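Reader: I'm new to this one and would like to go through it slowly. Could you take my questions as they come?

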Amino acid sequence: MSSRITCEVRCTAPVAVVRLAGALHLGTMRSVHQALDDALVGQPEALVIDMAEVSVEDRLALSVFAATARRAEEWPAVPVVLCSPSPVAARWLSESTTCRVVPVTADCAEATRMAGATLRMRTRLEPVAEACRRARELVTDACARWNLPNASGPAALVLSELVGNVVRHAGTPMQVTVTLRRPYLHLAVVDGSSAQAQPGGTDLHAEGGRGLMLVRELAQRWGSVPAGQGKAVWAMLPAT
């Protein structure tokens, strides 16, 4: 059994294409998972995984693609598409749960077309008090552009709290992103601190620490994941 697999990432804006070559099995799936996670850090519009040179030696290893798709659904809220699997790999994929969350196409061009365009607005902010106001303006403008009047208020509050958390605790420049992938509006803030975001305690007399508790109550889902040298804190709200 070969113990090597290579992962070449080509960022053909706005899509990231990861070309895998070698044997995929339980011994190499961890390195594939890490490479795909690294490709998501750049927040591409879509992630296409080219399997033309992959020999799948254990069908259980195909679960790495479903895990990546579920991660990408939450952050950075982009589609993941597989392309050019071998006949054996294609059959195994069709028989597995992976195809339920990851589309499979015959070639890379078709995969890129299937990924489609993502509705997204983003900006970079400095860790200053004004950042919260600018974040609220960004999400309000996005909701107006995408005709989401009911989401504007809760989303503006959630994004303001995510940005405020960076200002208070991380103290680094940040990238703020608002993405529409129905049925959810996705909000994300990427900062330069590796310390994972955690809700504060339940002390009602504390002066701070309740921002992420508010996010937890308002969002459908939220989380904090490593992103390069820092982290991404994201939240999903119904897009209505």
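Reader: Where is Pro183 found?

Author: In this predicted model, Pro183 is found in the loop between strand S7, residues 174–181, and strand S8, residues 184–191. The peptide bond that leads from Arg182 to Pro183 is cis, with omega near 15°.

Reader: And which residues does the other cis peptide bond I marked join, the one with omega about 5°?

Author: That cis bond joins Trp75 and Pro76, and Pro76 is found in the loop between helix H2 (63–74) and S4. Ala77 lies in the loop between H2 and S4 as well, and its phi is near 65°, a positive value in a residue other than glycine.

Reader: Is Ala77 buried or exposed?

Author: Ala77 is buried, with a relative accessible area of 1%.

Reader: What about Ser84, where does it lie and what is its phi?

Author: Ser84 lies in the loop between S4 and helix H3 (87–95), and although Ser84 is not a glycine, it has a positive phi of about 60°. Its relative accessible area is 18%, and Ser84 counts as buried because the cut-off is under 20%.

Reader: Back to S8 for a moment. What does the side chain of Asp191 reach?

Author: Asp191 is found in strand S8, and its side chain reaches the backbone nitrogen of Ser193 at 2.8 Å. A polar contact of 3.0 Å also joins the side chains of Asp191 and Lys231.

Reader: Which residues does Asp191 touch, leaving out those up to four places away in sequence?

Author: With those left out, Asp191 touches Val166, Ala170, Thr172, Pro173, Met174, Gly230 and Lys231. Asp191 is itself buried, with a relative accessible area of 5%.

Reader: Val166 makes me curious about H7. How many residues has helix H7, and what span does it reach?

Author: Helix H7 covers residues 149–170, which makes 22 residues, and it reaches 31 Å from its first C-alpha to its last, close to the 32 Å expected at 1.5 Å a residue. There is nevertheless a kink of about 30° in H7, centred on Ala155, and just after the helix Gly171 takes a positive phi of about 65°.

Reader: What does Asn165 touch, not counting residues up to four places away in sequence?

Author: Asn165 lies in helix H7 and, on that count, touches Ala170, Ala197 and Leu212. Asn165 and Ala197 are 32 residues apart in sequence, while their C-alpha atoms are 8.2 Å apart in space. Asn165 is buried, with a relative accessible area of 11%.

Reader: Switching helices, which residues of H5 are buried?

Author: In helix H5, residues 108–115, the buried residues are Cys108, Ala111 and Ala115. They cover an arc of only 55° around the axis, so they sit on the same side of H5. In general, an α-helix has 3.6 residues a turn, so residues three or four places apart point the same way.

Reader: What do the buried residues of H5 pack against?

Author: They pack against four strands, namely S2 (15–24), S3 (46–56), S4 (80–83) and S5 (104–105). At the N-terminal end, H5 is capped by Asp107, which has a side-chain oxygen lying 3.2 Å from the backbone nitrogen of Ala109.

Reader: And H1, which of its residues are buried?

Author: The buried residues in H1 are Met29, Val32, Ala35, Leu36, Asp37, Ala39 and Leu40. Helix H1, residues 29–41, has 13 residues that should span 18 Å at 1.5 Å a residue, and its end C-alpha atoms are 19 Å apart, which agrees. Just after H1, Gln43 takes a positive phi of about 50°.

Reader: Glu45 comes soon after that in my notes. What does its side chain make a polar contact with?

Author: The side chain of Glu45 makes a polar contact with the side chain of Arg120, at 3.4 Å. Glu45 lies in the loop between H1 and S3 and is buried, with a relative accessible area of 16%. Leaving aside neighbours within four places in sequence, Glu45 is in contact with several residues, among them Pro14, Val78 and Thr118.

Reader: Last thing, where is the pLDDT below 50?

Author: The mean pLDDT of the chain is 91, and 93% of its residues reach 70 or more. Over residues 204–208, however, the pLDDT is below 50, and beyond near neighbours in sequence this stretch has one contact in the model.

Key
Residues are numbered from 1 along each chain as its sequence is written. This is a predicted model: local features need pLDDT of at least 70, side-chain atom pairs count only at pLDDT 80 or more; totals for chains, interfaces and linings use all residues. Side-chain values use heavy atoms; hydrogens and water are left out. Helices (H or I, at least four residues) and strands (E, at least two) are DSSP runs, numbered from the N terminus. The expected span of a helix is 1.5 Å times one less than its number of residues. The bend at a residue is the angle between axes fitted to the seven residues ending there and the seven starting there. Buried means under 20% relative accessible area, exposed over 50%, partly exposed in between (1.4 Å probe, protein chains only). The arc is that of the directions from the helix axis to the C-beta atoms. Contact means heavy atoms within 4.5 Å. A polar contact is a pair of N or O atoms within 3.5 Å; within protein, one must be able to donate a hydrogen and the other to accept it, and residues adjacent in sequence count only if both atoms are side-chain atoms. pLDDT is the predictor's confidence in each residue, from 0 to 100.
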